[in-house]
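Open your viewer and get ready to click through a few spots. We will go from one selection to the next, and at each stop you will hear what is there.

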Amino acid sequence: MCLVADDRVIDVERASAGRFPADPLAAFERWDEFADWARAIHDGPAGPAGPAGSPSPAPRQVFAIGLNYREHAEESGLGLPESPATFTKFLGSLTGPETRLRLPSEFVDWEAELVVVIGRRAERAAAEDAWRHVAGLTVGQDFSERVVQSAGPVPQFSLGKSFPGFAPTGPVLVTADEFADPDDLAIECLVNGESVQKSRTSSMVFGVAELIARLSAVCPLLPGDLIFTGTPPGVGHARTPRRYLRPGDEVITRVEGIGQLRQSCVAA
Ligand code: ZN
C-alpha cells in the first residue's frame with residue numbers, strides 16, 4: 001500500500017516502520033489512526049514502481065446501485081426508484097485500474113461510476129452524519145453483460161456484472177477533504193477516445209450520504225467496503241442501434257480530482 005503525498009508515492013509499511021502493514025484493509029480497520037498518521041507524512045521511502053492497484057482490493061462487501069441518475073433510469077426504460085436499486089458485484093470481479101478485459105460475449109457494456117470506500121463502520125447512520133464513515137472516493141467501472149443481467153424471471157444484476165475483471169477500481173483513494181465539493185464531481189467514460197458518458201455526480205438520485213444512510217439501515221457497512229454509486233446516461237445498451245464492447249476497444253473511465261481507469265478489451 002502506498003500514500004500519495006504531494007507528488008511523491010510513499011511506501012506505507014516502510015515509512016511507518018511496520019505500524020501499518022501492506023494490506024490496505026488493515027488501514028481501513030484503523031482509519032482514524034491511519035488518517036492522522038498520513039496527514040503528517042510528506043516524505044519517506046518510495047513505493048514500488050509500476051501500475052497502481054485497487055484502493056480496497058479485498059473488501060468484505062461490495063454494494064452497487066442501479067438507476068441512480070435520472071436520465072439513465074429513463075434511457076433504461078425503467079421508472080425512477082423510490083429506494084436505491086441495490087445489487088452486488090461478486091468479489092471475483094474486482095481488479096485494478098489498468099487491465100485487459102476479457103469479453104465473455106458480444107454483449108458487454110460500460111458504466112462509469114464513482115465508488116465510495118468505507119473507513120468507519122456504519123450501522124443505521126444518519127445522512128447528516130454519513131460522510132464521517134467514508135475513507136475516500138475512487139473511480140470504478142461497472143462492466144455489465146446485458147444478456148445475463150436480464151435473463152430469467154427476475155433480473156440477475158449481480159451475476160451479469162460479476163464476470164472476471166468486471167469491477168476495476170482505482171487508481172487512488174482520495175479523501176473527501178481534497179475536493180471543493182465531493183458531491184459534485186465530473187464523471188466521464190470514453191470508448192476509443194469518444195466520450196460516451198459525461199455527467200456530474202451531483203445528478204445522482206441518491207447521493208453518497210443518502211446511500212450510506214439507506215444501505216446501513218439494513219447492512220452494517222464495514223471498513224474497506226465499496227459502494228458503486230450508479231452510472232450516468234450513455235450506456236451502449238440504451239443506444240439505437242445497441243452498442244457493445246468489442247476486442248480491441250479501449251475504455252477510459254474518469255472522475256474529476258481522482259484520476260482514470262484504462263481497460264483494453266480482448267476476446268475471451
Ligand atoms: Zn452500474
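Start by selecting Glu 188: in this predicted model, Glu 188 stands opposite Lys 198 in β13. Now show the two strands around this pair. β12 covers residues 186–191, and β13 covers residues 194–200. The two run antiparallel and share six bridges. Follow the chain from one to the other and you will pass a hairpin with two residues in between. Pause at Asn 192 in that turn, where phi is positive, at about 50 degrees.

**The other partner of β12**

Next, select residues 250–255, which make up strand β15. β15 is antiparallel to β12, and five bridges join them. Which residue of β15 is the bridge partner of Cys 189? Click on Thr 253 to see the partner. If you switch on a surface, look for β12 again: five of its six residues are buried.

**The zinc ion**

Now jump to the zinc ion and show the side chains around it. Its protein donors are Glu 111, Glu 113 and Asp 142, at 1.9 to 2.1 Å. Along the sequence these donor residues follow the spacing E-x1-E-x28-D. Glu 111 sits in the loop between β7 and β8, while Asp 142 sits in the loop between β9 and β10, so this pair ties together parts that are 31 residues apart in sequence. Are Glu 111 and Asp 142 buried or exposed? Both are buried.

**From the zinc donor to a salt bridge**

Keep Glu 111 selected and add Arg 146. Their side chains meet in a salt bridge, with 2.9 Å from N to O. This pair links distant parts of the chain, 35 residues apart, with Arg 146 in helix α5 (residues 146–150). Arg 146 is buried, as is Glu 111. Add Lys 89, Asp 109, Asp 142 and Lys 161 to your selection, and you have a network of salt bridges that links them with Glu 111 and Arg 146.

**Two more salt bridges**

The whole structure holds 21 salt bridges, so there are more to visit. Select Asp 32 and Arg 120, whose side chains meet at 2.4 Å, N to O. Asp 32 belongs to helix α3 and Arg 120 to the loop between β8 and β9, so the pair ties together parts 88 residues apart in sequence. Asp 32 is partly exposed, at 38% relative accessibility, and Arg 120 is partly exposed at 26%.

For the last stop, select Glu 98 and Arg 262, which form a salt bridge of 4.0 Å, N to O. Glu 98 is in strand β6 and Arg 262 in strand β16, so parts 164 residues apart in sequence are tied together here.

Notes. Residues are numbered from 1 along each chain as its sequence is written. This is a predicted model: local features need pLDDT of at least 70, side-chain atom pairs count only at pLDDT 80 or more; totals for chains, interfaces and linings use all residues. Side-chain values use heavy atoms; hydrogens and water are left out. Buried means under 20% relative accessible area, exposed over 50%, partly exposed in between (1.4 Å probe, protein chains only). Helices (H or I, at least four residues) and strands (E, at least two) are DSSP runs, numbered from the N terminus. Two strands pair if DSSP finds at least two bridges between them. Donors are N, O and S atoms within 2.8 Å of the metal (3.2 Å for Na, K and Ca); water is not among the atoms, so sites may look incomplete.
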